[in-house]
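Trainee: Could you show me how to read a protein model, one feature at a time? I would like the general idea first and then the case in front of us.

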Amino acid sequence: MNVNKDLLFEFTKVNVDFLNNSILKIRKLKFHRGAIYGITGAPGSGKTTILKLMSGLIKENSGEVRYDNSLFQKNWLGKIIQIPEIAYIDALDNEHGNSLPSTIGNKPIKQVLSKYSKKLNIDRILQSKLTNLSNGEIAFVNLSIALEKDPRVLILNDYGIYFDNETELKFRKKILSMNKNFGTTVILSSINDRLLKLFSSVVVYLEYGHVSKIRTGIKSPKAHYKPRSKKFHQKRKDIAKKN
């Protein structure tokens, strides 16, 4: 078998159906490691579905989705086994219950959140139940925590739609830094293609569950993936043990 070391995700004749209706149908689509991809389209075009397929959160009805040249592994019940190095972040998902963790990695949570916004009342966010926060505050918290965890693959659904320009720019700079310095592969979805083109290598357009076109963004499409050292991975393991 020919193995393409630059290939990270590969879709081949993928179909996803819901209630006997086709919601995603992709003949061929590839994502390469170390690049930033934007996925855009109108509501209902299949953006969330394609991101959840890449995250292993849902399964295709037919066809194949490969990660790192292999199919996703499944447990004995047929459920996909999640890959820790892939982080899927939905703007409004609540994975933290009613309160946030006190630290992220080795940093206090207040320090992490304060880095990305000077306008939000961070103390009020930390003192409130997450169910009482606004959509914008929840999206802010989710993305701040995700970026500090520094995954190998960062998948962001509905990027930027709840942020003001200043906050979005800070997040964008962090994403670009992760991509450049660590080779993090980033895949974002948004209904705003102008925003995605500002820092994506490639922008994929969806219409009615199909890929309608693929365009180059402003950022150079050349991937700059850098394999992470053993020292880096050991540091990650040590931090995980502490938490």
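**Reading the model**

Mentor: Let's start with one residue: E168 is buried, with a relative accessible area of 6%. "Buried" means under 20% relative accessible area, "exposed" over 50%, and "partly exposed" in between, using a 1.4 Å probe and protein chains only. Please keep in mind that this is a predicted model, where local features need pLDDT of at least 70, side-chain atom pairs count only at pLDDT 80 or more, and totals for chains, interfaces and linings use all residues. Residues are numbered from 1 along each chain as its sequence is written, and side-chain values use heavy atoms, with hydrogens and water left out.

Trainee: Which residues is E168 in contact with, leaving aside its neighbours within four places in sequence?

Mentor: Contact means heavy atoms within 4.5 Å. By that rule, and with those sequence neighbours set aside, E168 touches Y159, F163, L195 and F199. Sequence distance and spatial distance can also be set side by side: E168 and Y116 are 52 residues apart in sequence, and their C-alpha atoms are 8.8 Å apart in space.

Trainee: How many helices and strands are there in the protein chain?

Mentor: Helices (H or I, at least four residues) and strands (E, at least two) are DSSP runs, numbered from the N terminus. The protein chain has 7 helices and 12 strands, and E168 sits in helix 5. Across the 243 residues of the chain, 44% are buried. Of the contacts with a separation of 6 or more, 67% are between residues 24 or more positions apart.

Trainee: How do I read two helices that pack together?

Mentor: Axes are lines fitted to C-alpha atoms, for helices over the stretch in contact, and angles run from 0 to 180 degrees between N-to-C directions. Helix 4 (residues 135–149) and helix 5 (residues 165–182) pack at about 20 degrees, with axes 11 Å apart. Angles under 35 degrees count as roughly parallel, over 145 as roughly antiparallel, 65 to 115 as roughly perpendicular and the rest as oblique. Helix 4 and helix 5 are therefore roughly parallel to each other.

Trainee: Which residues of helix 4 and helix 5 meet?

Mentor: From helix 4 come F140, L143, S144, L147 and E148, and they meet T167, F171, K174, I175 and M178 of helix 5. The residues of this contact divide into 6 nonpolar, 2 polar and 2 charged. Here Ala, Val, Leu, Ile, Met, Phe, Trp, Tyr, Cys and Pro count as nonpolar, Asp, Glu, Lys and Arg as charged, and the others, Gly among them, as polar. A rule worth knowing: an α-helix has 3.6 residues a turn, so residues three or four places apart point the same way.

Trainee: What about helix 1: which of its residues are buried?

Mentor: They are K47, T49, I50, L51, L53, M54 and S55. With 7 of its 9 residues buried, helix 1 (residues 47–55) is largely enclosed by the rest of the structure, so that is how to describe it. Just after helix 1, G56 has a positive phi of about 75 degrees.

Trainee: Now the sheets, please. In what order do the strands lie?

Mentor: Two strands pair if DSSP finds at least two bridges between them. One open sheet has 6 strands in the order 6-9-10-3-11-12, with mixed pairing. Its edge strands are strand 6 (86–90) and strand 12 (210–216), each pairing on one side only. The twist averages 15 degrees from one strand to the next.

Trainee: Which pairs should I look at inside that sheet?

Mentor: Try strand 9 (residues 153–157) and strand 10 (residues 185–190), which run parallel and share 4 bridges. There, L156 stands opposite L188. Helix 5 packs on this sheet, touching strand 3 (36–40), strand 9 and strand 10, and its direction makes about 135 degrees with that of strand 3. Strand 11 (residues 202–207) and strand 12 are antiparallel, with 6 bridges, and V202 has T216 as its bridge partner. In their hairpin, 2 residues lie between the strands, and Y208 takes a positive phi near 50 degrees.

Trainee: And where are the edges of the 4-strand sheet?

Mentor: That open sheet has the order 2-1-4-5, with antiparallel pairing. Strand 2 (21–32) and strand 5 stand at the edges with a single partner strand each, so one side of each is left without a neighbour in the sheet.
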